[in-house]
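Me: Please take a close look at the surroundings of the ligand in this structure. Go through them step by step, and then turn to any enclosed space in the protein.

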Amino acid sequence: MAHKKTYYVTTPIYYVNDAPHIGHAYTTLSCDVLARFKRLDGFEVKFLTGTDEHGQKVEKAAAVAGVDPQKFTDDVSANFRKLAEVMNFSFDDFIRTTEKRHKISAQALWDKLVETGNIYLASYSGWYAVRDEAFYTEADLKDGPDGEKLAPTGAEVEWVEEPSYFFRLSAWEKTLLTFYDEHPEFVMPQSRRNEVISFVKGGLNDLSISRTTFQWGIPVPENNDHIMYVWLDALTNYITAVDFPDQKSIDYKTFWPADLHMVGKDILRFHAVYWPAFLLAAGLEPPKRIFAHGWWTNEGQKISKSIGNVIDPLVLVRNYGLDAVRYFLLREVPFGNDGDFSHQSMVRRLNGELANDLGNLCQRVLSMIAKNCSGEVPPHQDFLPCDLELIKKGSAMLVIMREQLDYQKFNRALEEIWSVIGEANRYVDAMAPWALRKEDPNRMCTVLYVLAETIRYIGLVVQPFMPDASSRILDLLAVDPTKRGFKDFDAALIAGTSLPMPEPVFPRFIEDGQTT
Ligand code: ME8
């Protein structure tokens with residue numbers, strides 16, 4: 001039997017110090033689209049998300065809330081699960097770093113690093129930013145507006161002096177550079193890869209990987225006075241979820257190394273430098289790709305709790321509808337670049353691209369079929385070159401999208417679909433099937449068949465992006481739910497199949513917040 005194609009995609013695990021916001025929804029959405037696309041394309045998929053529950057930042061947030069950290073993390077982690085439900089994320093596993101399976105895995109990775117001589121005990125003195133959960137040297141810091149020292153990210157820093165275990169990161173510099181060289185697509189986009197390489201070329205210091213001044217974390221196996229550094233703990237989640245340390249397990253053998261760790265640009269270094277170094281040092285394979293996407297701002301401003309402009313994805317979904325939000329986030333910005341959220345552009349895309357371009361195409365064609373072809377897929381005669389051209393464009397989308405999504409070019413994939421939608425709308429106008437009704441009804445049927453078939457192609461490829469709207473479109477064409485995978489991409493509509501009464505697929509959004 002042929003070996004099944006597999007795909008393992010992960011989101012960062014989110015800190016439970018705060019409520020989920022649009023940035024978290026964005027990262028997970030991008031992974032959801034890839035997971036759905038690959039499943040439709042016949043892959044065995046594992047899509048992992050979850051929450052990062054240890055560390056000083058979470059311990060502090062729990063203290064501020066006056067709640068025990070476990071209870072606090074239970075509550076906030078549940079909010080992330082709720083977000084996943086509301087956004088219709090199709091994850092296969094939701095990991096929490098406070099789970100037993102994860103403690104076993106993180107401690108096992110630690111043991112491997114000890115066995116291989118990569119860990120030593122010394123003491124750390126330097127700066128630490130709780131917000132970033134990151135160590136900084138004096139040279140990294142910048143001056144704040146009141147002359148205070150700040151991390152390069154703008155986070156407050158505190159001076160830390162304590163005994164600490166260290167990971168011999170400096171010893172892995174050359175191996176990492178060779179690894180990047182041999183795997184040119186390990187870090188993407190290219191500009192981020194260049195940043196990573198120049199950071200490593202600038203020289204790596206050994207990394208402090210344990211703390212002693214707080215409790216909330218996984219104890220170091222050989223010395224319970226030490227808590228594992230939260231990033232070492234958190235990164236390990238990606239192998240915990242495939243049963244590490246059991247490297248003989250089916251999941252480990254099937255899915256490791258992961259195909260893609262999707263992250264925001266803020267946490268690239270942890271994923272593209274520290275994580276492969278830990279894995280190589282432990283004799284494990286690094287993942288195949290780290291993709292660092294850009295940052296969202298809100299109407300031009302940095303999103304922050306103190307500014308009070310945090311965008312709650314649940315509110316967006318309530319206002320605009322889930323599919324519209326999913327579409328907007330991946331269409332608005334070339335994936336990898338920073339992007340700005342504005343209600344105006346959301347409404348413009350919703351009305352222009354969803355309600356007008358796609359919605360009207362479906363509505364026009366399906367209501368003409370309902371009226372003039374007794375509500376059945378019309379029969380067709382020989383196709384003319386212009387018919388074949390449109391069908392060919394529809395059919396070619398899949399191959400193009402495969403390539404674009406393999407490089408995380410979500411906006412390009414959507415542009416491709418919308419260019420076919422544009423062609424189809426121009427074809428309707430040029431063929432004017434309403435005018436053919438009397439003079440050449442057979443030709444009218446052929447034109448409507450070509451359009452219905454093009455809409456079927458569109459409905460199929462839109463599935464990963466807009467699962468609800470696409471399933472409504474495919475239902476309106478009576479496409480058998482078992483024939484919506486890509487192996488049936490070219491299983492054309494059959495004349496005479498009876499169709500349900502057409503209904504609008506996308507509402508129009510009117511400025512006072514109402515939809516019609
Ligand atoms: O960093 N725009 O968790 P976190 C786009 N626990 N994406 C954004 C965003 C924005 N404005 N704000 C957040 C952590 N994100 C660690 C990860 S992984 C082993 C541990 C997204 O809750 C983006 O993906 O701070 C970013 O990398 C992530 O949320 C940070 O989430």
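Reply: In this predicted model, 22 residues surround the ligand, and those that come nearest are I13, T27, D52, D266 and W296. Three of these five can be described by a particular pair of atoms. For I13 the backbone is involved: one of its N or O atoms lies 2.8 Å from a nitrogen atom of the ligand. For T27 a polar atom of the side chain lies 2.7 Å from an oxygen atom of the ligand. D52 also uses its side chain, where an N or O atom is 2.7 Å from a nitrogen atom of the ligand.

The ligand taken alone exposes 670 Å², and the protein buries 94% of that area. Four elements give two or more residues each to the shell around the ligand: the strand β2 (14–15) and the helices α1 (22–40), α7 (230–235) and α8 (237–240). Sorted by class, the shell has eleven nonpolar residues, nine polar ones and two that are charged.

Now the enclosed space. Searching the whole structure gives one cavity of 30 Å³ or more. The volume of the largest cavity is about 60 Å³. Its lining includes Y14, H24, T28 and T49, as well as F80, L83 and F94. At least two lining residues come from each of α1, β3 (44–52) and α3 (69–86). Of the elements, α3 gives the most, with three residues. By class, the lining of this cavity has six nonpolar and four polar residues, and no charged ones.

Conventions: Residues numbered from 1 in each chain as written. Predicted model: local features only at pLDDT ≥ 70, side-chain atom pairs only at ≥ 80, totals over all residues. Heavy atoms only, no water. Near = heavy atom within 4 Å. Polar contact = N/O pair within 3.5 Å; in protein donor to acceptor, adjacent residues only side chain to side chain. Areas by Shrake-Rupley, 256 points an atom, 1.4 Å probe, with all protein chains shown as cover. Nonpolar A, V, L, I, M, F, W, Y, C, P; charged D, E, K, R; others polar. 1 Å grid on protein atoms, 1.4 Å probe; cavity = no way out; pocket = protein on both sides within 12 Å on 5 of 7 lines; lining within 4 Å. Points joined across faces, edges and corners; volume = space filled by probe spheres on them.
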